[in-house]
Amino acid sequence: MDHSTDTHTLIAPVKQFDFTGKMKVTLIVGMVIGILCLALTWFGDHDGHQTRFWSNFLHNSVFFTGIAMLAGFFMCASITAWAGWYTTFKRLWESMSLFLIVGLVLMLVVALGVYFGWHQLYHWNDAHSVDTDRILAGKSGFLNKGWYLGGTVLFVGVWYIILNRIRALSIKEEKEGSHTDFSIHQKIRVWAVAYLPIAGFTSAALVWLWVMSVDAHWYSTLFAWYTGASWFVSMMCITMLMILYMRSKGYYSNVTDEHVHDVGKLIFAFSIFWTYLWFSQFMLIWYANVGEETGYFLHRMENYPVLFYGNLAVNFVLPFLVLMRNSTKRKAGIVGFISIVVLVGHWLDFFLMIKPGVLHTAHELSGHGHGHETGSHGAEHGHEAVGHAAEHVSTFVSGFTLPGFLELGTFIGFLCLFLFFVFTSLSRASLQSENDPYYFESLQHHT
Amino acid sequence: MAATRLVYGLYNDEEILLEAVKSANKEHIEIYDVYTPFPVHGLDPLLGLAESRLHYAGFIYGMLGTLTAFLGMTWIFTKDWPIIFGGKPYWAVPSFIPITFELTVLFASIGMVVTFYIINGLGPGVVNTYLDDRITDDKFCIAFDSHDVSDSDAEAFFRSTGASEVHEKEL
């Protein structure tokens with residue numbers, strides 16, 4: 001029987017990634033499509049606040065910034081755990097994590113928008129609402145523009161500094177290290193260990209600010225985990241697609257089916273983990289049936305049924321049944337197809353987290369939602385505001401009820417921006433580091 | 001049935017064992033069986049073993065658990081003894097999910113363990129014959145059936161592939 005670890009040693013892996021002009025043009029075309037779609041949503045919007053534009057911008061910025069954060073997080077967790085299997089393609093995660101600098105700029109645009117009142121994405125950012133609404137006033141110690149701007153810059157900045165340091169040390173290790181001297185790797189480990197708690201705790205705070213606070217009256221203690229799992233699966237899908245792409249172009253000849261199999265396992269396992277968190281959040285709220293908590297789900301189940309149930313079908317049932325078998329995780333066609341579908345699925349998951357809340361806020365602030373009257377009665381009537389708004393958004397709203405072509409185009413634009421940056425980072429260093437102490441373990445990897 | 005006479009060599013390391021199995025394949029020497037104290041990565045494809053079908057059984061047991069739990073609770077709470085819990089409908093599907101999940105795992109795991117034991121003739125009170133005590137501790141063993149491989153061939157093979165000991169035993 002063919003033993004795959006025997007074959008890769010015969011073909012020497014290509015050292016350097018060549019980011020060809022053809023690829024660049026393709027990705028730039030994608031980015032232009034994204035910019036066009038953003039421009040169309042900007043100029044096609046007549047509500048005066050460009051809510052569709054800003055919510056699309058927030059949605060995609062959060063999605064890809066989180067993916068970069070989690071690429072770094074999983075890499076650091078692997079370094080800390082003395083894992084070796086991923087070492088042959090660790091440059092992929094390094095390059096993905098460096099996208100945080102772009103993510104910082106993107107989120108800074110949203111944060112400056114919060115600070116200077118360019119948009120109405122967040123209900124808590126409306127001074128009049130905070131004055132008249134006890135719930136929003138009670139949360140204003142955290143949900144305010146100072147925290148939003150400061151937290152975004154500080155936390156994403158710190159993530160980037162640490163991951164940039166790890167990347168620099170990793171390249172230094174390749175150039176100056178040896179098979180006997182692990183001093184540079186020890187330094188990488190220190191940074192990796194530091195990144196885990198810092199990113200773990202601060203990313204939760206940023207998820208509350210960026211995503212959860214679009215439904216400013218609602219909160220869930222599980223939300224950061226749930227979002228994190230969604231990012232994780234998306235990150236693994238992109239990793240899988242990039243490995244398959246690189247192998248199809250003749251790179252990474254020593255990244256074998258065994259490595260692909262393990263990335264597939266992680267997609268499978270974390271799809272189930274995501275479902276577990278999704279369901280844990282849903283069932284407790286459904287069972288307790290407390291008015292101020294159920295609004296979030298009631299709104300989505302009644303007005304967004306396609307996305308609400310489709311979310312579970314695409315992100316749980318499909319990967320669960322298809323990736324359950326051993327052999328499907330090793331077939332590039334099947335696992336690549338599932339990765340694309342699940343990546344879009346988790347993009348839709350974020351769509352469903354952000355859009356209904358943003359639309360609700362838009363209705364409240366434009367005076368249709370009676371939010372100010374109900375809000376003035378305070379906490380015990382807070383959930384009624386949700387109910388009132390639900391009446392108004394039960395009709396189809398393009399770009400909110402379901403993603404339209406402009407949303408998909410924006411997604412393509414951001415994806416191409418992400419890939420352009422990752423491929424650029426990838427081409428700036430050699431594809432593999434033989435001086436990583438785990439390099440040879442990774443070559444031997446066998447599931 | 002005539003007793004099988006086995007000639008077997010003990011190796012100290014799984015890497016040496018893997019190399020030995022490779023050279024046996026190359027020389028077309030028929031291996032009776034390989035015994036190791038723990039699963040050795042890459043050994044199954046070298047021995048040409050087909051993928052285990054145990055997980056098919058596991059899937060069926062799991063589905064059985066899913067159906068038992070879900071249909072069981074459906075029948076109990078809608079037909080047999082309907083009770084309202086916490087103001088929820090009788091057929092409160094989300095609250096069935098945790099138990100359905102638990103029974104799926106329970107049926108799949110117990111079913112697979114029992115199937116594995118039956119297929120391998122293991123179980124409480126069963127006396128199994130084995131070649132050497134140390135196979136369950138720190139030795140890796142390749143065994144040849146003396147009908148297939150002559151003693152001198154086996155001896156030469158073990159010597160050239162770095163076996164630490166060579167023994168024979170009738171099972």
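The exercises below concern a predicted model of two chains, A and B.

**Exercise 1. Determine whether chain A is as compact as a globular protein of its length or more spread out.**

Solution.
- Begin with the secondary structure: chain A holds 18 helices and zero strands.
- Next take the radius of gyration, which is 23 Å for chain A, close to the 22 Å that the globule rule gives for 447 residues. Chain A is therefore as compact as a globular protein of that length.
- For the outline, the C-alpha trace of chain A spans about 75 × 45 × 40 Å along its principal axes.
- Burial comes to 49% of the 447 residues of chain A.
- Contacts between residues at least 6 apart in sequence join, in 81% of cases in chain A, residues at least 24 apart.

**Exercise 2. Carry out the corresponding analysis for chain B, starting from the order of its elements.**

Solution.
- Read from the N terminus, the elements of chain B follow the order β-α-β-α-α-α-β-α-β, which comes to five helices and four strands.
- The radius of gyration of chain B is 25 Å, well over the 16 Å that the globule rule gives for 171 residues, so chain B is more spread out than a compact globule.
- A box of roughly 80 × 30 × 25 Å, taken along the principal axes, is filled by the C-alpha atoms of chain B.
- Buried residues account for 18% of the 171 residues in chain B.
- Of the contacts in chain B between residues at least 6 apart in sequence, 79% join residues at least 24 apart.

**Exercise 3. Work out the strand order of the sheet in chain B, and find which strands stand at its edges.**

Solution.
- The four strands form an open sheet in the order β2-β3-β1-β4 (chain B), and the pairing is antiparallel.
- In chain B, β2 (33–35) and β4 (165–170) each have a single partner strand and stand at the edges, so one side of each is left without a neighbour in the sheet.
- From one strand to the next, the twist averages 25°.
- Strand β1 (residues 5–11) of chain B runs antiparallel to β4(B), and six bridges join the two. Within this pair, Val7(B) stands opposite Glu168(B) in β4(B).
- Two helices lie across the sheet strands. Helix α1 (residues 14–26) of chain B crosses β1, β2 and β3 (140–145) of chain B, at about 25° to β3(B). Helix α5 (residues 151–161) of chain B lies across β1, β3 and β4 of chain B, at about 5° to β1(B).

**Exercise 4. Locate the largest nonpolar core and the helix that gives the largest share of it.**

Solution.
- The largest nonpolar core has 121 residues, and those with the most contacts inside it include Ile67(A), Phe99(A) and Met236(A).
- Helix α3 (residues 51–80) of chain A provides the largest share of this core, 17 residues.
- Beyond neighbours within four places in sequence, Ile67(A) has contacts with Met96(A), Trp231(A), Ser234(A), Met235(A) and Ile238(A).
- A second, separate core of 20 residues includes Tyr8(B), Leu10(B), Phe140(B) and Ile142(B).

**Exercise 5. Decide whether Leu406(A) is buried or exposed.**

Solution.
- Leu406(A) belongs to helix α17 (residues 405–427) of chain A.
- The cut-off for a buried residue is 20 or more other C-beta atoms within 10 Å. Leu406(A) has 21 C-beta neighbours inside 10 Å, so Leu406(A) counts as buried.
- Residues up to four places away in sequence aside, Leu406(A) touches Cys37(A), Leu40(A), Thr41(A) and Gly399(A).

**Exercise 6. Describe the contact between chains A and B.**

Solution.
- Chain A gives nine residues to the contact and chain B gives ten residues.
- On the side of chain A that touches chain B, six residues are nonpolar, three are polar and none is charged.

Terms used
Residues are numbered from 1 along each chain as its sequence is written. Chains are lettered from A and ligands numbered from 1 in the order in which they are written. This is a predicted model: local features need pLDDT of at least 70, side-chain atom pairs count only at pLDDT 80 or more; totals for chains, interfaces and linings use all residues. Two residues are in contact if their C-beta atoms, placed from the backbone, lie within 7 Å. Ala, Val, Leu, Ile, Met, Phe, Trp, Tyr, Cys and Pro count as nonpolar, Asp, Glu, Lys and Arg as charged, and the others, Gly among them, as polar. Two strands pair if DSSP finds at least two bridges between them. Axes are lines fitted to C-alpha atoms, for helices over the stretch in contact, and angles run from 0 to 180 degrees between N-to-C directions. The radius of gyration is taken over C-alpha atoms; the globule rule is 2.2 Å times the number of residues to the power 0.38. A residue is buried if 20 or more other C-beta atoms lie within 10 Å of its own, exposed if 12 or fewer, and partly exposed in between; C-beta atoms are placed from the backbone. A nonpolar core is a set of buried Ala, Val, Leu, Ile, Met, Phe, Trp, Tyr and Cys residues joined through C-beta atoms within 7 Å.
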